[in-house]
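I opened this notebook to keep track of what I looked up in the model, entry by entry. Strand pairing comes before helix packing, and single residues come last.

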Amino acid sequence: MINSIYAIAMATLFTTTGIKTAEMEKIISPVLQKTETWNKNQVIAHRGAWKKKNLPENSIASLNEAIKLGCYGSEFDVQMTSDSILVVNHDDDFLGMTIASHTYKELLEKKLSNGESIPTLEAYLKAGKKQKGTKLILELKPSKISQERELQMTRKAVAMVKKLNAAAWVDYISFSYPICLEILSLQPGAKVAYLNGDASLEKLKEAGFYGADYHFSVYKNNDWFTNSKTLGLTLNAWTVNSETEMNRLLDQHIEFITTNEPELLFDLLKSRK
């Protein structure tokens, strides 16, 4: 029996993707059925849903587009300015300005292509909290300056999530194993996945991780899919943009696929009913 919360989430997904509830139940992972109001699909928009409508990556506009599509999650990247303001940007420079060596005020001198300023983490989380269908997949970028700086950034990010009461919205990822461990120590029970591809599932399980979030090529060797389900961990694959690779991963009942082509993945899910 589908409970009322589940039914509401399914109705939302039907509205945004055109997939009927009965069809969706056949293709979603059992892990996702344990979620509450969040959209029950494997689609995580990489840096937001930006490509099809030519929106700036990691902009609030691309976040809103991912929400509109009904994605399970919208991934975004966090960096820290020289005056310790957390901002959302993938690279360590913003339009030619190195983020770690510039103040937030200096970064405001330049605009994204749609006229937005570089978002702060606070503004991004507030925008994401206006709904409860799409998760905010917060990636903390390792520091090129020092490990202490990246741990400082981690502490500030977790503090911001707590300040805004946004813990239910936020899952964490990072290429830095120390960052991941710091998150788990600061926010016990947080959903944290590791990106670098060099840790076994057994190691992640022992440390309290939610799962692995590795490049899709990693999963072509060894039996990751059976092992993850035995251990109760989730698998996410990045960055998957081809229909062939999407199908391969869906055939293995992967929990999440991070993609620059969320519309394509939704179409594929619909065709696999």
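**Strand E11 and its partners**

I began with a bridge and noted that Ala-45 stands opposite Thr-259 in E11. I took pairing to require at least two bridges found by DSSP between two strands, and I took helices (H or I, at least four residues) and strands (E, at least two) as DSSP runs numbered from the N terminus. On that basis strand E1 (residues 43-45) pairs with E11 in the parallel sense over three bridges.

The model is a predicted one, in which local features need pLDDT of at least 70 and side-chain atom pairs count only at pLDDT 80 or more, while totals for chains, interfaces and linings use all residues. Residues are numbered from 1 along each chain as its sequence is written, and side-chain values use heavy atoms, with hydrogens and water left out.

Strand E10 (residues 234-238) also pairs with E11 in the parallel sense, over two bridges, and there I found Ala-237 as the bridge partner of Ile-257. From E10 the chain crosses through helix H10 (residues 243-251) to E11 in a right-handed β-α-β crossover, a term I use where, with the strands pointing away from the viewer, the path from the first strand over the helix to the second runs clockwise.

I then asked which way the side chains of E11 point. In a regular strand the side chains alternate between the two faces of the sheet. In E11 (residues 256-259), Phe-256 and Thr-258 point one way and Ile-257 and Thr-259 the other way, and all are buried; buried means under 20% relative accessible area, exposed over 50%, and partly exposed in between (1.4 Å probe, protein chains only).

**Helix H6 between H5 and H7**

For packing I used axes fitted as lines to C-alpha atoms, for helices over the stretch in contact, with angles from 0 to 180 degrees between N-to-C directions. Helix H5 (residues 121-128) packs on helix H6 (residues 147-163) at an angle of about 35°, with the axes 10 Å apart. The crossing of H5 and H6 is right-handed, that is, the near helix is turned clockwise from the far one by less than a right angle. Contact (heavy atoms within 4.5 Å) is made by Leu-121, Glu-122 and Leu-125 of H5 with Ala-157, Met-160, Val-161 and Lys-163 of H6.

H6 and helix H7 (residues 177-186) likewise pack at about 35° with axes 10 Å apart, and H6 passes H7 in a right-handed crossing. Among the residues that meet there are Leu-151, Met-153 and Val-158 in H6 and Ile-179, Ile-183 and Leu-186 in H7.

**Single residues**

Which residue has a positive phi of about 65° although it is not a glycine? I found this at Asn-58, placed in the loop between E1 and helix H3 (60-69) and buried at a relative accessible area of 2%. His-253, also not a glycine, has a phi near 60° and is found in the loop between H10 and E11, where I checked whether the residue is buried or exposed. His-253 is exposed, with a relative accessible area of 52%.

Leu-231 lies in helix H9 (residues 224-231). Leaving aside neighbours within four places in sequence, Leu-231 is in contact with Leu-201, Glu-202 and Lys-205.

**Whole protein**

I closed with the totals, which give 11 helices and 11 strands, and 52% of the 273 residues counted as buried.
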